Amino acid sequence: MRTFILTTIIFFIISEVWTADASSSVKRPRKKRAWIVDFSLMNFNLEEEHDGVFPYTLGQLNVAKDSLSGCFLSGPGVNEEPMDLFQLDPNRAVIEVNEKVDYEKNKNFMLTLECISSENVHTRLEVDIQVLDVNDNAPVFDKVSYETSVKESTPQGTDLVTVQALDLDDSSTGNGRFTFTILSVSPEPTNLEFFIKQQSQTGWISFRGCLDYEEAQKYTIVVEAKDHGEPVQQSSTATVTVNIIDSNDHEPELSVKTGSGRVKERENGVVVYTLEVKDGDHRESAGWRAKYTLHGEKEKNFKIETDLTTNDGIISVVAPLDFEESPELTLSVSVENEEPLFSCKVKQRQSGGLWDVDYFRDVSSSALLSFPITITVEDTNEPPELTHAVEHVTIMENTTAGQILWTFTATDQDSSSPAGFRFLKGEDVDNWVTVDSETGQVSTVKVLDRESPFVKDSVYTVTVYVVDKGEPPMTGTGTLVIHLLDQNDNLPVLEMNTLSMCLSDTITDITAVDLDLPPFSGPFSYELLGDVKEKWRIEPSFGTTVSLVKDSSVHSGHYELSVKIADSQGKFSVQHLTVSVYNCSITYSGRTGKGLTVRLGVPAIAIILISVLLGILLVMFSLFFCAHKKGKLLMMETQDEGSLIHYNVEAPGTDASDSLQKWSNSTFFQDLDSNS
């Protein structure tokens, strides 16, 4: 059974394969094999911007006309951007141009021609169309105008400004190559010629000769860029502005050859001479501004400054001069500009290169001019001078009056002043001294006290004047500094003579002072006098500030103590000290030398307030009672008719007594008796 099934399957497979092969032979008849034939590259030239009628024939294809029935053209300019520039005419086997072509956009087109013949032969042809440039673009500068500024001292051959241009035409032909040319220069220079150097598309403007600011401050140059196209040349222009900056090509010139000035001795800050200069350079430029320098005798007594407006040199005195030392001075002034001097002169013009010029520039400094000036010092009356303007003397305090301290002497440098001086006392705040007007002798008129409030740090100062007899009189000043030596002429005393302390305290400090200086002052020796044993003592007994010690047996009260205080030399004084001792157990706010200030607590304040209120109520009740009683005494019985009773006497009558008796028996007093 298994063999039968396997045989059946094999037979079925063989039958299906035979049937499929037979069916395929009937439906697909046999065809010839297709061939692809590639022709060589064909080249055409197309001139841009063609002015003819469109379309026009570009060229003939090297293909049989009868084989173009199944041909089509493809590539840029046909079915790719830019679209529809070219088309194929199969009847004539030519390529036609439909519109203008721009070289600057497309320099060539690579097209493909493909054909399929009836014999199933594929033909492919590469067509290369080269666009020929025409001169339809002028070279264009990268800027419409250029501007630069150069110094007048710039040497010839220096590149002043750079220009650039670009031509979109084919640079391999004359259409895209151009040349720079200077067309005009305004104003027209005399000793100057501008020229331009070129490399490819860049040009550098330079010059031959010498720049001259005084001739022209600005030049306007027109530069042309022209191509080499045929038959027509294209060009464009740009404007170049060259600004000339003034440089120092003129030396400063002095208005006069020499000068002189006058100044009084001892004058300061005055102008003695003004030096005028002229300069041909531009005002306020570095080549115009002048710098002045002083030389000669006493030049440090003067200064010279430049007037920024006029450029003049202003000479003034900065340190007073002395006629007796130098009645006449000779100064010299050198003048230069802030910018170094230069010069440029054309010697010979040459073609094809730079000119022959005489060029000079001092890189270190400008040329110096020397100007002599004579300064005359006028004599004036000068103040006399004390031989010792400040004199220090030392003297023991408590020296008796009439002691000679010092004798001032003076000199006068003026040869023309009359001889002789007068001495006068100036400042002497406590009137300690007298000054002899003829001799200048200073003597005491008081006993000198070092502890005086007018003495500071053991020094007392006196001012003395000396006046000459010139016209006008002049005054010199001297100072006498008196140093006072100390003596032990003061006793030590307590700093405070009253003290207070709490009963619970045992110690309080006491301090002694002495106006004398060591060794005539502290430290001090202390001793308590009187019957104070086992009650008061001083610990320690030697020093400036010591402790007063209270014994526990001392009660509250005021105590008068006698304290003996001796200085380091044994001189002593007995000082009275009042000590107040208080019981400080009650809270208090502070302590003074006279007593205590007690502060009441809250309960005590409450009791006082309640007592005050009760007192006020009692007073008010008493006033009310008295007022009511007085009113009853004045009340009188009236009759039923309510008529008044007339009395002819001042004293109350019997009716008044009856009324008073009735009122006393009223319920008011009964109520009081019952309450009591």
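Reader: What share of the 676 residues in the chain is buried?

Author: This is a predicted model. Buried residues make up 35% of the 676 in its chain. To be counted as buried, a residue must have under 20% relative accessible area.

Reader: What makes up the chain, in helices and strands?

Author: There are 4 helices and 47 strands. The chain exposes about 40,900 Å². Carbon and sulfur atoms supply 54% of that area.

Reader: How many disulfides does the chain have?

Author: The count is 3. Each is a pair of cysteine sulfur atoms within 2.5 Å. In sequence order, the bonded cysteines pair 1-2, 3-4, 5-6.

Reader: Why is the link of cysteine 71 and cysteine 115 called a disulfide?

Author: Their sulfur atoms lie 1.6 Å apart. The cut-off is 2.5 Å, so the pair qualifies. The angle about the S-S bond is 115°, and the link is right-handed. Cysteine 71 sits in strand S4 and cysteine 115 in strand S7, so the disulfide ties together parts 44 residues apart in sequence. Both cysteine 71 and cysteine 115 are buried.

Reader: What makes cysteine 210 and cysteine 344 a disulfide?

Author: The sulfur atoms of cysteine 210 and cysteine 344 are 1.9 Å apart. That is within 2.5 Å, so they count as bonded. This link is left-handed, with -70° about the S-S bond. It joins distant parts of the chain, 134 residues apart. Cysteine 210 is in the loop between strands S14 and S15, while cysteine 344 belongs to strand S25.

Reader: Is cysteine 210 buried or exposed, and what is cysteine 344 called?

Author: Cysteine 210 has a relative accessible area of 8%. The limit for buried is under 20%, so cysteine 210 is buried. Cysteine 344 has 23%. That value falls between 20% and 50%, so cysteine 344 is partly exposed.

Reader: How do you know that cysteine 502 and cysteine 584 form a disulfide?

Author: Their sulfur atoms are 2.1 Å apart. The limit is 2.5 Å, so the bond is assigned. With -95° about the S-S bond, the link is left-handed. Cysteine 502 lies in strand S38, and cysteine 584 in the loop between strands S45 and S46, 82 residues apart. Cysteine 502 and cysteine 584 are both buried.

Reader: Why are strand S19 and strand S22 called edge strands?

Author: The open sheet has 3 strands in the order S19-S23-S22, with antiparallel pairing. S19 (271-275) and S22 (302-306) each have a single partner strand, so one side of each has no neighbour in the sheet. The twist averages 20° from one strand to the next.

Reader: How do you know that S19 and S23 pair?

Author: They share 4 bridges, in the antiparallel sense. Pairing requires at least two, so S19 and S23 pass. One bridge partner of threonine 274 is isoleucine 314, in S23.

Reader: What makes asparagine 398 and asparagine 431 worth a look?

Author: Most residues other than glycine have a negative phi. Asparagine 398 has a positive phi, near 70°. Asparagine 431 also has a positive phi, about 55°. Asparagine 398 is in the loop between strands S29 and S30. Asparagine 431 is in the loop between strands S32 and S33. Their relative accessible areas are 29% for asparagine 398 and 41% for asparagine 431. Partly exposed runs between 20% and 50%, so both fit that class.

Reader: Why is the peptide bond between glycine 522 and proline 523 singled out?

Author: Most peptide bonds are trans. The bond from glycine 522 to proline 523 is cis, with omega about 5°. Proline 523 is in the loop between strands S39 and S40. The bond from glutamate 539 to proline 540 is cis too, with omega near -15°. Proline 540 lies in the loop between strands S41 and S42.

Key:
Residues are numbered from 1 along each chain as its sequence is written. This is a predicted model: local features need pLDDT of at least 70, side-chain atom pairs count only at pLDDT 80 or more; totals for chains, interfaces and linings use all residues. Side-chain values use heavy atoms; hydrogens and water are left out. Axes are lines fitted to C-alpha atoms, for helices over the stretch in contact, and angles run from 0 to 180 degrees between N-to-C directions. Buried means under 20% relative accessible area, exposed over 50%, partly exposed in between (1.4 Å probe, protein chains only). Accessible areas come from the Shrake-Rupley method with a 1.4 Å probe; for residues, only the protein chains shown count as cover.
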